[in-house]
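Work through the following exercises with the sequence and the model at hand. Each task is followed by a solution in steps.

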Amino acid sequence: RAHLDRIAAVDGDVHAFLHISDAALETAAAVDAKRAAGEKLGPLAGVPVAIKDVLCTIDMPSTAGSKILEGWIPPYDATVVARLRAANLIPLGKTNMDEFAMGSTTEHSAYGPTHNPWDLERIPGGSGGGSAAAVAAFEAPLALGSDTGGSIRQPAAVTGSVGVKPTYGGVSRYGAIALASSLDQVGPVSRTVLDAALLHDVIGGHDPRDSTSLRDEWPSFTAAALSGQKAESLKGLRVGVVKQLDAPGFQHGVTQRFHESLEILAAAGAEIVEVDAPNFEYSVAAYYLILPAEASSNLAKFDSVRFGLRVNPVGGGTVEDVMSATREAGFGPEVKRRVILGTYALSAGYYDAYYGSAQKVRTLIQSDFAAAFEKVDVLVSPSAPTTAFKIGEKINDPLAMYLNDVTTIPANLAGIPGMSLPIGLAPEDGLPVGIQIMAPARADARLYEVGATLE
Ligand code: GLN
């Protein structure tokens, strides 16, 4: 009730939600009844959670921020949503996002932008700005996001929240509307590292419905966060600072807070090592070929026949005319831009030059990480080059927008886990700054342990 009241009070300004569940109070009562009946419930039973609109929910519309899916109610729940329900969490509603998760500001939502609760004139990050803003505005204690190139970590950074992109394959993608299937991962958004760990424990683990799901037995991330909270020193921990991600072009206050965090880590006994990752320079370029290529293919299913919107051209027309009128009306400008870039990069004659080269760069970035993790246990960087900028500032400059993802993209290209957690406010604008911690694939527990120690 308190969270629904809070949403009613602030969401008119923040616009974190696209849909509020009408079943939340009923679900809460059902959980209370289970508890009263003596049923043994998990640690998050009864806790409300906001769900990014890219995730399929059987009882709520799932639009992925697009007009082409307006009003579409999926016939099934995403695995992560089913797991929330099984663990007795209470879905509060669906959160706003850039259309099909393409963006870094939530301005590309077909339903209008989300506003950063720290300053309503600023962006809450993206694509999962709705989930991060909901958590930062105390509309929800927990949220789910998806991260293809930073869409959990960067919104967390600019809203003073915690966000985790798990190891690729660590959390099921079944029922997550695909952007770029080789990069997408679902993960938690929260206000503390321990909260994120609790949520990760609920949603993670093998899912036979996702062919890329890892079969690993995962350790308890909650236990890892608790052990980090109790840790008195980081003695022996080798922390690598990626030279290419501690760049001179970053906002002064971001760099300053980041370097203070390095001092805190060193004072706690960690050994700080500079690490060179020469191929990171090409990560944005490679990502913005691989992502549009995969996205153009994934989005081909929005053909006016199988899902959502259908626009019949005036005076009739062929099947192809209907498809093209539907896609013309249903997709926003950023989606069209990427479909065009992607189909071009995949076209015969250009495939090797663009997509093929980008895949090679991807391998080089993976080898940069492999070499780095031979020397260090975790890598750190600022989570984003700047604090939250003004709504409208970069919307007409796609390249500037893409470059903003420089810090988060490498982890997606390599499939490794990354966490952003708050490290204070930038002195020049009083806005939150985040540090990113990255670990080798499958070592997500290390993020929770180190994150909880640093927090
Ligand atoms: N900003 C990135 C992009 O526009 C991240 C997207 C994401 O992680 N979903 O592609």
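**Exercise 1.** In this predicted model, identify the bridge partner of I51 in β4, and state how β2 and β4 run.

*Solution.* Step 1: Locate strand β2 at residues 48-52 and strand β4 at residues 142-147. Step 2: Find the partner of I51 in β4, which is L144. Step 3: Count the bridges between β2 and β4; there are three, and the two strands run parallel.

**Exercise 2.** Place these strands in their sheet: what is the strand order, and which strands lie at the edges?

*Solution.* Step 1: The sheet is open, has 11 strands with mixed pairing, and follows the order β1-β3-β2-β4-β6-β5-β10-β11-β9-β7-β8. Step 2: The edge strands, β1 (17-20) and β8 (271-275), each pair on one side only. Step 3: From one strand to the next, the twist averages 30°.

**Exercise 3.** Explain why helix α3 is described as largely enclosed by the rest of the structure.

*Solution.* Step 1: A residue counts as buried if 20 or more other C-beta atoms lie within 10 Å of its own. Step 2: In α3 (residues 79-86), T79, V80, V81, A82, R83 and L84 are buried. Step 3: These are six of the eight residues of α3, so the helix is largely enclosed. Step 4: The buried residues of α3 pack against β2, β3 (90-95), β4, β6 and α6.

**Exercise 4.** Describe how helix α6 lies relative to the strands.

*Solution.* Step 1: Helix α6 spans residues 193-203. Step 2: Helix α6 lies across β4, β5 (162-165), β6 (185-190) and β10 (418-425). Step 3: Relative to β6, helix α6 runs at about 145°.

Definitions and conventions
Residues are numbered from 1 along each chain as its sequence is written. This is a predicted model: local features need pLDDT of at least 70, side-chain atom pairs count only at pLDDT 80 or more; totals for chains, interfaces and linings use all residues. Two strands pair if DSSP finds at least two bridges between them. Helices (H or I, at least four residues) and strands (E, at least two) are DSSP runs, numbered from the N terminus. Axes are lines fitted to C-alpha atoms, for helices over the stretch in contact, and angles run from 0 to 180 degrees between N-to-C directions. Two residues are in contact if their C-beta atoms, placed from the backbone, lie within 7 Å. A residue is buried if 20 or more other C-beta atoms lie within 10 Å of its own, exposed if 12 or fewer, and partly exposed in between; C-beta atoms are placed from the backbone.
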